[in-house]
Amino acid sequence: MHYGIIATWEMAFEGIKKGFELIEKNFSSEQALEEAIMDVEDNPEFSSVGFGGLPNEFCEVELDAAFMNGDTLSIGGIAGIKNFSNPVSIARSLMKNRFNNFLVAEGAEKYADLNGFKRKNMLTENAMKQWNLRREKVMKEGLSPYDGHDTVGMVALDFKKTICCATSTSGLFMKLKGRVGDSPFFGSGLYADSDIGGATATGLGEDIMKGSISYEIVRNMEIGMSPQESAEKAVFKLHKKLSDKRGKAGDISVVCMNKDGDFGAATNIDDFSFVVATDKQPLKVFKLNRFF
Ligand code: SD4
């Protein structure tokens, strides 16, 4: 019996530790993922997810999150939500609906209010300071406003062989109000099918969406590739396609796990990190560079 959990970025270390302990205690991958991602969302030190997330052009923290259960292919997603502490929990809750699985902005907030989720001001002093500094630089030095993107995405496999995945992000720093990246989009930011495996992505949403990369990775695994090969093939293919057609490719990093608890990761940048714990791989942070 194999089981495990994997996440994008080192910031997920404590979350993955908690999530893995839950899976070992026979909790579901859904519960483990929610707890693990909440741990990242609640930490004000992480400037790209949840509390402390970097704000949009108007200094508002707009958050995106999604959840997918690979047994039933249930999906739940929210985008552009403000003033709620744990977007991942709201996304998970939306999975139980037959319809209305994906809500945005005021609609998502209304749903969260009606379903008992806690309101919280998600803008920290530090995030506001960063925003002011960046705005000054953008105006004085002509820097691109976009910066700081480290979405947390996770895939987990439990004792019942259920694979789930989830994401949570504040998106791109200084994004336009209403801008949504890949993270809450099924197929792009995440995808899970318990018969095969799950995958999740982080990086420049505008480019990740051009390749529906999480779905691509799961399909690669379906036709017999290992998770590592699936991840590398998908990142290389999208990177090349974007470079050929558009002259350049944005940041693309992915992690994945198959139904046997084997995992893979790939990136086209030089400092991607991920965290994994499985019955075969003790809890560990891996640092990864572009492989091609
Ligand atoms: C987005 N993909 O909103 C997210 C940002 C991100 O690592 O993942 N950063 O485009």
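Which strands does helix 8 lie across? Helix 8 (residues 227-246) lies across strand 8, strand 9 and strand 10. The views below are drawn from a predicted model, in which local features need pLDDT of at least 70, side-chain atom pairs count only at pLDDT 80 or more, and totals for chains, interfaces and linings use all residues. Residues are numbered from 1 along each chain as its sequence is written.

**View 1. An open sheet of 4 strands, with antiparallel pairing.** The strand order is 7-8-9-10. Strands (E, at least two residues) and helices (H or I, at least four) are DSSP runs, numbered from the N terminus. Two strands pair if DSSP finds at least two bridges between them. Strand 7 (190-193) and strand 10 (263-267) stand at the edges; each has a single partner strand, so one side of each lacks a neighbour in the sheet. From one strand to the next, the twist averages 10°. Axes here are lines fitted to C-alpha atoms, for helices over the stretch in contact, and angles run from 0 to 180 degrees between N-to-C directions.

**View 2. Strand 9 against strand 10.** Strand 9 (residues 252-258) pairs with strand 10 in the antiparallel sense, over 5 bridges. Val255 has Ala265 of strand 10 as its bridge partner.

**View 3. Helices 7 and 8 across the strands.** Helix 7 (residues 213-222) lies across strand 7, strand 8 (197-203) and strand 9. Its angle to strand 8 is about 145°. Helix 8 runs at about 155° to strand 9. Contact means that the C-beta atoms of two residues, placed from the backbone, lie within 7 Å.

**View 4. Val180 and Gly203, two positions in a UniProt "binding site" feature.** The unreviewed entry also places this feature at other residues, including Arg179, Asp182 and Thr202. UniProt positions follow the numbering used here, feature names are shortened, and annotations may be inferred rather than shown by experiment. Val180 is found in the loop between strand 6 (163-169) and strand 7. Val180 is buried, with 21 other C-beta atoms within 10 Å. A residue is buried if 20 or more such atoms lie within 10 Å of its own C-beta, exposed if 12 or fewer, and partly exposed in between. Not counting residues up to four places away in sequence, Val180 touches Asp64, Ala79 and Gly80. Gly203 is found in strand 8. Gly203 is buried too, with 27 other C-beta atoms within 10 Å. Beyond four places in sequence, its contacts are Ile208, Gly250, Asp251, Ile252 and Ser253.
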